[in-house]
Structures are given as C-alpha cells and as structure tokens.
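You asked for a quick read before you open this one up yourself. Here are my notes, in the order I would look at things.

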Protein chains: 2
Amino acid sequence: MSVKNAFYAQSGGVTSVINASACGVIQTAKKHSDKIGTVYAGKNGIIGALTENLIDTSKESDEDIAGLLHTPSGAFGSCRYKMKSLEENKVEYDRLIEVFKAHNIGYFFYNGGGDSADTCLKVSQLSEKMGYPIQAIHVPKTVDNDLPVTDNCPGFGSVAKYIAVSTREASYDVASMAETSTKVFVLEVMGRHAGWIAAAGALAADEDNDIPVIVLFPEIEFNQEKFLALVDSKVKSHGYCSIVVSEGTAWPDGRFLAEQGTRDDFGHAQLGGAAPVVANMIKEALGYKFHWAVADYLQRAARHLASQSDVEQAYALGEAAVEMAVAGKNSVMPAIIRTSNNPYKWEIGSGNLADIANVEKMMPMDYISEDGFGITAACREYLLPLIEGESYPPYKNGMPNYVTLKKELVEKKLSEFKMK
Amino acid sequence: MSVKNAFYAQSGGVTSVINASACGVIQTAKKHSDKIGTVYAGKNGIIGALTENLIDTSKESDEDIAGLLHTPSGAFGSCRYKMKSLEENKVEYDRLIEVFKAHNIGYFFYNGGGDSADTCLKVSQLSEKMGYPIQAIHVPKTVDNDLPVTDNCPGFGSVAKYIAVSTREASYDVASMAETSTKVFVLEVMGRHAGWIAAAGALAADEDNDIPVIVLFPEIEFNQEKFLALVDSKVKSHGYCSIVVSEGTAWPDGRFLAEQGTRDDFGHAQLGGAAPVVANMIKEALGYKFHWAVADYLQRAARHLASQSDVEQAYALGEAAVEMAVAGKNSVMPAIIRTSNNPYKWEIGSGNLADIANVEKMMPMDYISEDGFGITAACREYLLPLIEGESYPPYKNGMPNYVTLKKELVEKKLSEFKMK
C-alpha cells in the first residue's frame, strides 16, 4: 500500500472539543507514516477542499497540535455547507476528485453532525461511482447529541456540563435574592429539535441540592396554563424557581416561543429569544420579578468548563477514525458504545454512514418526566457520566491559553474554482 | 471589655465570592472569642435583623463554614432594602436596637455595595444618636466595582474573568464560523452605570490573541454611525467581530438601547435586552449574520471560574472587618490598597463610611480608548491582576459541590415586627 495524504475538515457548528478530535486525527496519522503522508486540513471545512485551500498541518509545531486538545472552536475554520447529491451537482464532486488527485489524497476525515455525515457518505461513494479510490471516515461531533448509533456525541457532554453548572449557580443566586427581589430565573439554551441540552439543566438539582428546575423541551408542546401553575407552585414551595427553556420550544400550532410577533417603530419584526418571552409571560400572569439569560455561543465554546469524559472521547474518536482508515475501512463512523453506567465504562464501536446520515436521534420519551417539565431517573443515569470530570485548559495572565494555528496553505496546483 | 455577639448580613445583588467574605468574618470572629460571642447572620440581609430572623452560625459545621469559601450566592439570603434616615424612619432604628439588645449584639458587619454602605453608616451612628453602643463595619462587595476608596471590590474580579474568558471563547467560535455563517457576536453584560464589567470583555484580546472586540460603555453616548462603521471595518479586516455591550449603554437622549419601544399583539411594551437590539441593528445596516447572548446572573454566580485574587481579597476583607471591630473601630470599611502592579501586590487599608456611602466610582476616562470603543493600556494594567489565578471549587459527580447551610434560627425573644 502506497503512502497517501489525508484530508481532514471541520463542519457545522463548532464545539469546545472538536479540536480534540482534530488532535486525535493528526497525532494518530503521524504514527502511521507508512500509510498516511501529510494531513491537510480544509480551510473552513469542505469549502477548503473545493477551493484548494488546504492547510498543511505538518507545518504546525507539535506543541500547537497538542494544544488543540484544550482549544475550543474549529481551529481550521468550519462551514455550513451541505453538498448536494452526485446527480444534482456532479461538478463539485469532479472538483473534489481533481483536488484529491492533485494532492495525492486517499483519506477523507470529516468531523461533523448529521448533515456532515451525509456529505461524508457521498464522498465515500466516489470510489464506487467515479472510480477514485478514497476512504471516507466520519468523526462525530455535535452539541445537539442527535446522531444515531453512537451513545453520545463529542461536544454534547461539555455543553451539558456548562448548562447544568450554570443553572445550579444561577439558582443559588436567585435563591438568595428571592425574599425581596428576583423570584424567577429563565435560561435559554440551544437545541432546536432535540431537548438533550435543556435536559442537562435538570442536573442542577440532586440529592444535595433541592433546586426547583422546570425544563421546557422542544419535544413537548408548550402548555402555558400547566406551565404557569407549576411555576407558581414552585415559587410558593421554594421561594423561587429556575426555568431552562430550549430555543426550540414551541406552541401547539408549531410556532416557536421565540417568535414574539412584535414590530418596532418602523414595522420591522423583532427577533428576541424564548427566554424573555417566558419571563414576561410569568411576570404578567403571576407578577413575579424575573431575570433571564441567553447562553448562545457561550455554552458550546466554554472549553474552560469542559467535561473530561467529553474531551477524552473526542480525542479517542479522532484516533479511532485514523485506525479505521489504515485498516482499510470506508464509509464508517467510529462511535461511543457505553458498556457500564456505574462505574462509567465505554469503548469504541462503529456504524455505517448509510445508517447515520440524515437520521436524527431524539430524546427517548422515557427520559422526560410524565408532566413534561423534567427528566426521569433513566435520563439522569444517562447524562451524569457525560459531564464527569473537569478538563481545565492551561492559563496565562488569568486567561485560558488557547492555541491559534499558523494555518499555512499548501501551494495551489489547480485553477480557481468558483463556489456557487 | 465584655463579650458581645455579632450580627452579619449580606446585602444587594450577590456575587460568586460574597460568601468568602462571610467565611472570613465567621472564622476570624471565632479566633476572638474573648470579645466576640456568636455571629448571628441576618436571614435575607437587614430584614433578618428587623424581623428577628437571626441565623445561628455556630450551629453550622466547621466544614460547611469553610465551604462558603467556594460557594457562590448569598448563603444567608440577601435583600434589596435601603433604610431611610433616622429622622424619616425612627421606628426601624428603634427596632434594630431592640433586637440588638435582646441578643446582646455589639458588632454589626454589613456586606454590600454603595447603598449598603449608607445603611451601615446609619447603624454606626446609633451609638452617638441613640445611645446604643454598636460598632458597624462595612465589608465591601459589588460586581459593579463602583465603591470609592478601595482599589477594587470583591465580586468584580470574578465577573471580569468570566466576561473576559467568555468573550475570548465565543470569539474563537465566531472566527471559525465566519466564512459561511455568523460574522458578528454580541454579548450583553451587567453594569447599568459603570462600564467596568464591559471593559473586561476587551481582555479577550491580547498579544497572543488578535481578536476584534468592540466595547459599548454606559459612560459613552452611543453613536450608531461610528459604531456601525467600526463593526464593518472589523469584519472586513478580521472576517468577524465581537461586541461586548453594557446593559446601561444609552442613546444620546438617555434612553437605554435595551428599551426597544416595541409592543406585542396585545399592546404590551416588550422587554428585551441591549444585545438583540445591537445585533438586529447590524443585520439591518450591514447584512451580517449574528448571534447574541445575555450573560445576566450567569456572570455573577460563576464561582466555577472565580479569580483567585478575588476570592483571597473577599476573605481578607471579611477577616479585616473583624480585626477592625475588635480593635474598637466603628463606621469604617476595610479596603484593598494596590501597592504594585507587576508583580501584583496589595494590602488592606481602610476608609470612613461617610466618604463611601452613596459615592459611585466611575471608570476614569483615561481607561477608555479615544474612539470610545475599547480600553487603554492603563485600564488593562488595572484589570489584569484582578482576574489573576483560578480558584476552582471541588466537584462531585461532575458538578461543583456548593454548600447549603442549615440556617437554624435563634429563638425569638420579641414580638413580631411588621415590615412596611
């Protein structure tokens, strides 16, 4: 088997640990120099391949590559770009092959979520459909935790930890203020389709922390009457109440809570969030003073509070992707297989991309409590191992010392390609 | 000198380190058992004194009291309640003296900001004006960093660290997405009158991190045209831009940016935040895709990311307050005196409450860059020591193990007092 170069790219929304997977891919590829030459990273994801903007990772120092393990975001740049099917957009696939040929690329590692698994699947079919020998391996990543086959997705555990910790901290705060001031705190979290992240807010409470947390899931139609009654009862029993609302929470008619339907003085529709809507609704119905927060990117970028499990798994999946490639695999994704909850044990398995692409794993309904506003013991058992352990980055001058790569580009060999 | 009991209370918005001051007060009082008997903590601040709801801190375990050092929020409950002058509301001062007498209280430690210093000052005058012997010492606390005399206020350093780190992390995130998606990230932070917290966002950038951060201060009239031009130039030069906006940022006519002037379908005024207003303004004028976050309570409760300087100073000021009391002082506040920037050195000094109560320390104008959208080198030099060091709480099951006190109340000796 001759030595081939590898292409690696980051895709979709980034996370606090996707660079740990990159680190796993690059460091493991180096151990297989008999099969893998240079790892070229796509500048801004797959777009880097199409435009022949290839970052030569061998030009980065070993120290900087190791530093990816503790650096959030996508160090090579990511993109939101879903390739159409071969039939619909043959010109892009032709171009990919042209770039792969020009740079002797025989391995394709794609690090992303469901849409990206679909792109990876299409690339994996290039050998069969277009005669270009390539092995395409998908490396899972998504804070949404919605990929099938794998027990969980790198990126999710750290967001879950951030939301659980933040909800606990803010709840302690509100509890202190409730007597004369704020009685309700609302935190808006990510997860347009699946309530995994919102569910993590419920971990703020446990046997040592009697915190009244109400969770609003995208999976459950919003029932305003039941919700307000529950808020009122929590404030009456505990003096305060914390609410974790998924950005995807919707009314029975499908409209998101976040769509306020308001217009400014010029008649423009106003974009708000779900949190202020929920907070104002409570103020109006129950009169309780509120505060609200929207975590947005803070939650998925919070490498300072990453889960140790998450960082380890992100690295291990990057490593496993390379091992699968050198073992001759194509069109697969390494996956986390949970073998024990207590103590938590996991191993690496794998799935076929055909079973993964475009399949969304929703929260099982038995993870949501009967009233629709909390999580079950089974859900807690599932979530807790994923937030286990603290993986702190190094600090310099009071700030996390994240790595910024040089991102030196390989010399182009082809003519320019116009992106549509 | 006979043994007298002490009263301690937390006041105003809580912080991630106010309990560290409580820990300093309680542990130090124990060392002076020849002068100080029991420390009674007000349940929900000064209201606890008025209603005779006194928490007996001697009933808490030593372990739990030590745990206050790493527990955010106000463990005894806080309140927003400013006492009127003696002339206006003599009945409350009479009641305070009645409660102090009933429980042999000779020391009054009040842990709060500017309004609270005012209350503490009034209590300190009870000896002189009403003949009840009491020593009142103020322990400074406020995330707003706006108390005079002291170099900085406990609570601020940790918020500053949280905002600086969060801005850096979110900026790394946006930088990865900017090519095909989000180009502008807006983070709203606390500080209605003073821009200290917003200023900390600028620490996201440094010599190793070329991050384009724009800060909107409450001290600077919002100039939309200049602002939009700067955002555009940053996006053009760096591909993206991060904006840290203080909740107190206002238009030249004094209206807060956060007042959107919008109404919902029922004609109710909508409460939003400054962040969505700024984000939508950019989208409309420049067309850039945005994300926004509102940190709200998360920033001041984030004990998981507290600054080591801040925790040490919070404890030291509680300790110093007790030392001042046993030394016979009244109507004073221990303060941080900075003696060197590099290496950072500080010591404890003190100020008179008459010079502190109701005085707001604004950002010096030479801390704000000439264009009004950033900080100067002098400001950076001031801020950096305050975020120095990481003081991590202990974790259990992946979550910070914060302390919840028993809060056992002392038996009441007086008749009920009706709060107004």
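The points below go from the pairing of the chains down to single residues.

1. First, a reminder: this is a predicted model. Everything here was worked out from its coordinates, apart from the annotations, which I flag as coming from a UniProt record.

2. Start with how the two chains are related. Turn chain B by 180 degrees, with 0.0 Å of shift along the axis, and it lands on chain A with an RMSD of 0.0 Å. That is what a two-fold axis does. If you want to find the axis by eye in chain B, look for B:Val294: its C-alpha is the nearest to the axis in that chain, at 2.4 Å.

3. Now the interface itself. Chain B puts 82 residues into the contact, and chain A also puts in 82 residues. About 6500 Å² is buried between the two chains, with carbon and sulfur atoms giving 56% of that area. Of the area that chain B buries against chain A, 11% comes from B:Glu169, B:Tyr297 and B:Met399, more than from any other three residues. The copies meet through the same surface, because 100% of the interface residues of chain B are interface residues in chain A as well.

4. What about charges across that interface? There are four salt bridges between chain B and chain A. A pair to look up is A:Lys396 with B:Asp208, whose side chains meet in a salt bridge at 2.7 Å, N to O.

5. Within chain A, the domain assignment gives two domains. Domain 1 is made of 4-142 + 306-358 + 390-400, and domain 2 covers 156-301. Their centres, taken over C-alpha atoms, are 35 Å apart. Contact between them involves 12 residues of domain 1 and six residues of domain 2. Together the two domains of chain A bury about 680 Å² between them, 43% of it on carbon and sulfur atoms.

6. How many salt bridges link domain 1 and domain 2 of chain A? The count is one salt bridge. For a salt bridge to look at in chain A, try A:Lys161 and A:Glu390, where the closest N and O atoms are 2.8 Å apart.

7. Next, the annotated positions. An unreviewed UniProt entry lists A:Gly13 under "binding site". A:Gly13 sits in the loop between β1 (4-10) and α1 (18-30) of chain A. Its relative accessibility is 13%, so A:Gly13 counts as buried. Leaving out neighbours within four places in sequence, A:Gly13 is in contact with A:Arg80, A:Lys141, A:Arg300 and, from the other chain, B:Met177.

8. The unreviewed entry also carries an "active site" annotation, which covers A:Asp144. Look for A:Asp144 in the loop between β5 (135-140) and α7 (156-177) of chain A. Is A:Asp144 buried or partly exposed? With a relative accessible area of 28%, A:Asp144 is partly exposed. Not counting residues up to four places away in sequence, A:Asp144 touches A:Gly191, A:Ala194, A:Trp196 and A:Ile197.

9. Helix α5 (residues 114-124) of chain B deserves a look too. Of its 11 residues, 10 are buried, so the helix is largely enclosed by the rest of the structure. Among the buried ones are B:Asp118 and B:Lys122, along with B:Ala117, B:Leu121 and B:Val123. The cover over the buried residues of α5(B) includes α4 (90-102), β4 (105-112), α6 (126-130), β5 (135-140) and α13 (353-356) of chain B.

10. Last, some backbone details. Most peptide bonds are trans, and most residues other than glycine have a negative phi. The bond from A:Asn342 to A:Pro343 is cis, with omega near 5 degrees, and A:Pro343 lies in the loop between β10 (332-341) and β11 (344-352) of chain A. In chain B, the bond from B:Asn342 to B:Pro343 is cis too, with omega near 5 degrees. As for phi, A:Asn44 has a positive value of about 60 degrees without being a glycine; A:Asn44 is buried, with a relative accessible area of 11%. B:Asp296 is also not a glycine, yet has a positive phi of about 45 degrees. B:Asp296 counts as buried at 10% relative accessibility, and is found in the loop between β9 (290-294) and α11 (297-301) of chain B.

Definitions and conventions. Residues are numbered from 1 along each chain as its sequence is written. Chains are lettered from A and ligands numbered from 1 in the order in which they are written. This is a predicted model: local features need pLDDT of at least 70, side-chain atom pairs count only at pLDDT 80 or more; totals for chains, interfaces and linings use all residues. Side-chain values use heavy atoms; hydrogens and water are left out. Buried means under 20% relative accessible area, exposed over 50%, partly exposed in between (1.4 Å probe, protein chains only). Helices (H or I, at least four residues) and strands (E, at least two) are DSSP runs, numbered from the N terminus. Contact means heavy atoms within 4.5 Å. Copies are superposed by least squares on the C-alpha atoms of residues with pLDDT of at least 70 in both. UniProt positions are given in the numbering used here, feature names are shortened, and annotations may be inferred rather than shown by experiment. Domain bounds come from an automatic or database domain assignment. Buried area is the accessible area (1.4 Å probe) that two parts lose on being put together, summed over both.
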